[in-house]
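Student: I am new to this structure and would like a close look at a single part of it. Could you choose one strand, go through its surroundings carefully, and then place it beside other parts of the model?

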Amino acid sequence: MIIADGVRPDALARSIDGGHSPALAALRDEGQLSTITSAFPSVTGPAYAPFLMGRYPGSIGLPGLRWYDRSRRIARLSGHARSYVGPEMRFVDRDIDRASPTIFELAKPSLGALSVIGRGLRRRERIGQSAAFVARAAATHFRGNVRGWLAIDRLVGEEAALHLRKQRTRFAFIALTGIDKTSHAQGQDAQIVSDAMRIVNDTVAEIRSDAERDGRWKKMSLWVGSDHGHSPVREHEDLVALLAEWGYSTLAHPWAFNTSADIAVMVSGNAMAHLYLDIDQKTRPWWPALGGRWNDLPERLLSRQSVDLLILPSSPGSCEIHGRGRGAAMLAWSEARYSYTPRTGDPLGIGEQKSLGDDEAYDRTFDSDYPDAIVQIAHLVASPRSGDIILSAARDWDYRARYEPIPHVSSHGALHREHMLVPLLLNRLPAGIPRRTVDVMPSALAALGITAPKTLDGVSFF
Ligand SMILES: [Zn+2]
């Protein structure tokens, strides 16, 4: 499984059709290129969980790239908050649900290259986690060196190919992040993004030619996918500054040590955010009980152009969904049946929906502006680590104006199509229909002849 991190389905198809990615074109000719949905939040880290654990990010304890730990069981030294951007990335494996196995634990021996989730990998099965590598990546990130990311991608691709050539490996997860980094810096249509795409192509070509040479190719499944899309950002809403202006005291990265804060602001991607209210309480307060001093806040946020959807969790099985200027609806679920009921409007634009199963909920939303939003919102709201207001940004907007080494001109993280739709390229025709990234892990297990755990959110397309 190769992750071309952040590539949109149309951008990948254009590269293939334009003759710029011959190795990927060969995969498509022998198999199929599909458009499937990622998970919410559509951001690297949380959105890798479906590929590696067959579960939604909220289900395994990664509600965002940044989140606030209301329970205060962990992250005491970090202001009770997590940011996986930087050194805290090493905590991902201990933060994720212990009862949910990773594919690395089920398919041994495995390889993980730049895999944010690595539980089950031995040291020599990891690429991109040595101290020297991390130091280089950190320097590249914080200096805002965009070309440097491409050099890192080349290195990761070559090292991964070398490992697969020399070691017997059942499953490999190879993440190449150049497309995402260059897209953030210059937009996904920029020339430099084609250079990043070329590295994905060359990595596939090398792995394939090695496998053909020593007779492994006939049995090899080689898949290329992405964990989120991308779309242009023209304006940044500095949520932290905005809330301060409204008189609230905030806790937010990189300064997550405000012991007198009213609101924790945890942004991912940067087009989504969790806001945690009454953060001195160790249990989730839920709406409308929260009310009181917070009553005005949702309306005030909905007056901002940056807000597209505003989600208010009301129980582990329900929430209100507000659309800016489009009224509110209720979403309720239990035992994988979902009901969506417009109240003062229809923010998702899908009409009333009663007692849908997972596949129906997918089909009814796929062509809307919010593909798979019903299932994705339900699983995020149900996460005990999620916020009390969940924001999904409007097009052209994101939620972080400061502290990015490279100013973002393109972003992801939100629920709309440009962020949620991702490509999946398979070198063999699947028996079923690939729908979601969460289906990839069970499909990989099926291809390997490994029985899938019963706890998975996804289903095999093989
Ligand atoms: Zn990104």
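Tutor: Let us begin with a pair of strands: E11 is joined to strand E12 (residues 272-276) by 5 bridges, and the two run antiparallel. Within this pairing, the residue of E12 that stands opposite Ala264 is Tyr276. Please keep in mind throughout that this is a predicted model. E11 and E12 form a hairpin with 3 residues between the strands, and there Gly269 takes a positive phi near 100°.

E11 also pairs with strand E10 (residues 250-251), this time in the parallel sense and over 2 bridges. Ala264 appears here again, as the bridge partner in E11 of Leu251.

How many of the residues of strand E11 (residues 263-268) are buried? The strand is mostly covered, with 6 of its 6 residues buried. Ile263, Val265 and Val267 point one way from the strand, whereas Ala264, Met266 and Ser268 point the other way, and all are buried.

To place this strand in the whole, note that the protein is divided into domain 1 (2-61 + 96-230 + 415-448) and domain 2 (234-409). The centres of the two domains, taken over C-alpha atoms, are 28 Å apart, and 27 residues from domain 1 and 26 residues from domain 2 take part in the contact. On the side of domain 1 that touches domain 2, the elements giving two or more residues are helix H6 (131-142), helix H8 (178-186) and helix H14 (417-420), and the residues of that side comprise 11 nonpolar, 12 polar and 4 charged.

A pair of helices can be read in a similar way. Helix H12 (residues 358-365) and helix H13 (residues 373-381) pack at an angle of about 125°, their axes being 7 Å apart, and the two are therefore oblique to each other. Asp358, Ala361, Tyr362 and Thr365 of H12 meet Ala373, Ile374 and Val375 of H13 in this contact, which by class has 5 nonpolar, 1 polar and 1 charged residues.

Finally, for another example of strand pairing, consider an open sheet of 7 strands, which has mixed pairing and the order E2-E21-E8-E1-E7-E5-E6. Strand E2 (32-37) and strand E6 (126-127) stand at its edges with a single partner strand each, so one side of each is left without a neighbour in the sheet. The pairing of E6 with strand E5 (residues 110-113) is parallel and has 2 bridges, with Arg126 in E6 as the bridge partner of Gly112.

Definitions and conventions:
Residues are numbered from 1 along each chain as its sequence is written. This is a predicted model: local features need pLDDT of at least 70, side-chain atom pairs count only at pLDDT 80 or more; totals for chains, interfaces and linings use all residues. Domain bounds come from an automatic or database domain assignment. Two residues are in contact if their C-beta atoms, placed from the backbone, lie within 7 Å. Helices (H or I, at least four residues) and strands (E, at least two) are DSSP runs, numbered from the N terminus. Ala, Val, Leu, Ile, Met, Phe, Trp, Tyr, Cys and Pro count as nonpolar, Asp, Glu, Lys and Arg as charged, and the others, Gly among them, as polar. Two strands pair if DSSP finds at least two bridges between them. Axes are lines fitted to C-alpha atoms, for helices over the stretch in contact, and angles run from 0 to 180 degrees between N-to-C directions. Angles under 35 degrees count as roughly parallel, over 145 as roughly antiparallel, 65 to 115 as roughly perpendicular and the rest as oblique. A residue is buried if 20 or more other C-beta atoms lie within 10 Å of its own, exposed if 12 or fewer, and partly exposed in between; C-beta atoms are placed from the backbone.
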